[in-house]
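Please open the model in a viewer and keep the sequence panel visible. This tour proposes one selection after another and states what is found at each stop.

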Amino acid sequence: MSFSANKDKDFVAGDLRVTSGTFTNTGGSTGGSVYTGLQKVYGGWLQHGGSAVVADKPSIVTLPTSDPMTIVTTAAKNGWWFAFGV
């Protein structure tokens, strides 16, 4: 079981920083730690990818949180993440 997350984008929106990227689950993994680069994560958005419908939605365990944010996903599903904070 393995989880990985990559940060692809980082920009400023007003007085907040915004980061985004992808997450990958293999071997039945159900989430893990996403290093956003933010000191404090105020909120975020997660989306499973793929061609089939996924019955469950991924979620962030606790908000606000300090980096890294912990996410829970459907087993072995990959997707995208987006977070904002300072």
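Begin by selecting Asp 10, which counts as partly exposed at 41% relative accessibility. The coordinates shown here belong to a predicted model. Partly exposed is the class between buried, under 20%, and exposed, over 50%, so the value for Asp 10 falls in that middle class.

Add Lys 7 to the selection. Lys 7 and Asp 10 form a salt bridge, and their closest N and O atoms lie 3.6 Å apart. Lys 7 has a relative accessible area of 39% and is therefore partly exposed.

Next, add Arg 17. Its side chain meets that of Asp 10 in a salt bridge, with 3.0 Å from N to O. Arg 17 is likewise partly exposed, at 27% relative accessibility. Which residues are joined into one network by salt bridges that share partners? The network consists of Lys 7, Asp 10 and Arg 17. The structure holds 2 salt bridges. As a general matter, side chains of opposite charge can pair when their charged atoms come close.

Now clear the selection and display the strands. An open sheet of 5 strands is present, with antiparallel pairing and the order β1-β2-β8-β4-β6. Strands β1 (2–13) and β6 stand at the edges; each has a single partner strand, so one side of each is left without a neighbour in the sheet.

Select strand β4, residues 40–48, together with strand β8, residues 79–85. These two strands pair in the antiparallel sense over 7 bridges. To locate one such pair, highlight Leu 46, whose bridge partner in β8 is Trp 81.

Keep β4 selected and turn to strand β6, residues 65–66. How many bridges join β4 to β6? There are 2 bridges, and the two strands run antiparallel. Highlight Lys 40 to find its bridge partner in β6, Ser 66. Then highlight Val 41, which stands opposite Thr 65 in β6.

As a last step, display the side chains along β4. In a regular strand, side chains alternate between the two faces of the sheet.

Definitions and conventions
Residues numbered from 1 in each chain as written. Predicted model: local features only at pLDDT ≥ 70, side-chain atom pairs only at ≥ 80, totals over all residues. Heavy atoms only, no water. Pairing = 2+ DSSP bridges. Helix = DSSP H or I, 4+ residues; strand = E, 2+ residues; numbered from the N terminus. Salt bridge = Lys/Arg side-chain N within 4 Å of Asp/Glu carboxyl O. Buried < 20%, exposed > 50% of the residue type's maximum accessible area, 1.4 Å probe, protein only.
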